[in-house]
There are 2 protein chains.
Amino acid sequence: MATPQIALLLTGNELMSGDTVDSNSARMATQLGDVGVEIGEKCTVGDDPTRLESALARLTNAFPALIVNGGLGPTRDDLTSEVVAKLAGVALLEHPEALAHVNSWCARRRIAPNPANLKQAMVPDGCELIDNPRGSALGFALEINGCLVLTTPGVPGELAAMLPEVVARLGARLGGSARHVQRLQTFGIGESSVEERVRALGPEWPEQVALGFRAGMPQLELKLSVASQTLLGEQQRAVTLLERVLGDHLLGEDDARLAACLQDLLLAQGKTMTTAESCTGGLIASMMTREPGSSRVFGSGFVTYANTAKRDLLGVSPELLDRFGAVSEPVVAAMLRGALARSGADIGVAVSGIAGPGGASEDKPVGTVWLAWGTEDDLRTHRAVVSGSRSLFQNVVAAAGLDLVRRQLLDLPPLPHYFTRQA
Amino acid sequence: MATPQIALLLTGNELMSGDTVDSNSARMATQLGDVGVEIGEKCTVGDDPTRLESALARLTNAFPALIVNGGLGPTRDDLTSEVVAKLAGVALLEHPEALAHVNSWCARRRIAPNPANLKQAMVPDGCELIDNPRGSALGFALEINGCLVLTTPGVPGELAAMLPEVVARLGARLGGSARHVQRLQTFGIGESSVEERVRALGPEWPEQVALGFRAGMPQLELKLSVASQTLLGEQQRAVTLLERVLGDHLLGEDDARLAACLQDLLLAQGKTMTTAESCTGGLIASMMTREPGSSRVFGSGFVTYANTAKRDLLGVSPELLDRFGAVSEPVVAAMLRGALARSGADIGVAVSGIAGPGGASEDKPVGTVWLAWGTEDDLRTHRAVVSGSRSLFQNVVAAAGLDLVRRQLLDLPPLPHYFTRQA
């Protein structure tokens, strides 16, 4: 059984000018998913009666249901009620309940209703009202050509308050069955590599399990979805297959985050961690401490951007700095040893590289980075080249730094795929 | 002359499922506005060939130009090239330049191109390529039924890198008359306060200047736009009025960023800066070092999350810690003094607070923070309460920390509006 799909018509000049980023539709999609309804098309137009009417006519013909979002406000720009009534071939009438709602909304604010407020009491003849617990504009439901049209306000807080009723009406009408989604978090592997590995599984991969992706920075989220509860076994089989083919790129389920995974591992092993950062300038420490509870595993970190800081704060010898330069294996190893000694932490990571745009030399192009990670007794180093902007470089290097410590704590092969494939 | 309008076709399941909020279209709208082109309709569909093809057919018939965003990636879900070629009635061919681009992209990453990568070299016969300086997927331009179709990747950073060429092509084709936009960056003041202050100016505000907002974290961008070159004087008058009513909340023009402004100030005054961070855990240092050139003004920073780190790395006396607790005026002042002494920096900022969700006590609720900033001889402190999530708390405190140093360097009144109004 195909998942029922509805359309979304968003309206408002602010959505067309770039002044407002639409977050309403993501909220609607998520909640509609819970009742097994998908959005098949989103159409966005400005406060333009011609475009609004033509989109409304087209979408009511093509879909069994439509949510209109925006255009219910008090100003002349707000055209939704008028255009919907016109297309439905009914009049706009003052609705007693809507009028009472507007009056009581104004009374609570101790203002007298003005003509703009009162415009919001005018709705298409024969519609059903949808309550708005937050604002003055009520929504309404109306049939046009057999399509159920539901109108909602564009103000995010008001939409949020009305969505339960809107979603319930759509669920009752279209009665989809929710898809069951299992999310997995990965690090250090791209969409195309995941697809290639899954394709290589051939018929072993259960075909009823749909694989989706959501690229984040620095992680890639995989979504395994099945159409019904009876397929949860297949879904579990797919998770096991992914564990096999993705191995150490798999961080965990649901919202597992790299820094949180690392925190959990440190906590489980009773260890603390430190950082010595040159080119990432505090970003690794910041990623660790963004996670609640980080004080249990992360006591201190060093941002040693200047050579004098590497010397004074971490005890890196001036000879090493002179002879090999700041971006070198001996210096990054000395940075880590200094940080471990001065913080008293059990394990740590140090990075020194050229984030750019300046600072490159012939044998050390922008993007060159040396990483050192591990403990006093088991310290490893690696040189990598990360291309891209300064900000991409910093984000990738910081995430890799966390991942390398994670891998060492897990006794995984020290060099991950994303470094070894650079050969 | 009516402003020329184009259409936007966004594609990707992640845009329909609620997993991704579309920020690309706002970016496109803003830049198109600069060449006098508006977006008349945005249509968003999933990775569904039927819906994609029907939207493409409809929009190419109704508009003189169309930007397709998304669906150029390496996976089987990515259908844009295929569907555009089909509608145009041409074949998909491997383009030598596109192939060279994919190969060199892979080579820079030291990976061998796999079939998924190579799929990105296949483009519709007869199209013109649009360079992608950031990613492997090139865009392309093609005429369909007299409509200029331009394809772009959905990854925001890649789109951003390609937009100048896309916008130039559309400007050349449709030649609208640009609105002249002047952008100003502010910190520490909200949209409604700015509006209130502007309203209070009454008729002094030149009515031909439209004031728009774009809320960012941590800054608020103001946009002053006028319809023609002849109004640039009015626009300049509006800038002067804003300088008067917004005063020290104004950071600068265009893309001025708090950390970059601070870096410029430090550089101009020949000073260096340091940080001593507890609750922000490296975020302040990270914001400073995100800016290119930061090594000239920022040599080192301290992340002292644990009390022992405050003691060992910054020399905060155990007596102070015991008597007043880590979140206290004496401790945060001692942290700053320690950081200044040990880094040799001229000026700095120290923060110690309760980011939550844990760690609160009766007189120190979650959100309590002590800040110290300034120099050895001119050191100031302030206690604030910042409510919201852990991540909001960290972002606000870090930005305020940078702003307080900026204010001191500028000899502005030490306590900004956003603190004094908390009184």
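What share of the contacts in chain A with a separation of 6 or more is accounted for by residues 24 or more positions apart? In this predicted model, such residues make up 67% of the contacts in chain A that have a separation of 6 or more. Of the 423 residues of the chain, 46% count as buried.

The secondary structure of chain A comprises 16 helices and 17 strands. The radius of gyration of the chain is 29 Å, whereas the globule rule gives 22 Å for 423 residues, and because the former is well over the latter, chain A is more spread out than a compact globule. Along the principal axes, the C-alpha trace of chain A spans about 85 × 55 × 40 Å.

Among the strands of chain A, 4 form an open sheet, in which the order is β10-β11-β9-β12 and the pairing is antiparallel. The edges of this sheet are formed by β10 (210-215) and β12 (250-253) of chain A, each of which pairs on one side only. On average, and with direction ignored, neighbouring strands of the sheet are turned by 25° against each other.

At one of these edges, β10(A) pairs with β11 of chain A, a strand that covers residues 219-226, in the antiparallel sense and over 6 bridges. Within this part of the sheet, A:R214 has A:E221 of β11(A) as its bridge partner. In general, the strands of a sheet pair through backbone hydrogen bonds, in either a parallel or an antiparallel arrangement; in the sheet described here, the pairing is antiparallel.

Notes: Residues numbered from 1 in each chain as written. Chains lettered and ligands numbered in written order. Predicted model: local features only at pLDDT ≥ 70, side-chain atom pairs only at ≥ 80, totals over all residues. Pairing = 2+ DSSP bridges. Helix = DSSP H or I, 4+ residues; strand = E, 2+ residues; numbered from the N terminus. Axes fitted to C-alpha atoms, helices over the stretch in contact; angles between N-to-C directions. Rg over C-alpha atoms; globule rule 2.2 N^0.38 Å. Buried ≥ 20, exposed ≤ 12 C-beta atoms within 10 Å, placed from the backbone. Contact = placed C-beta atoms within 7 Å.
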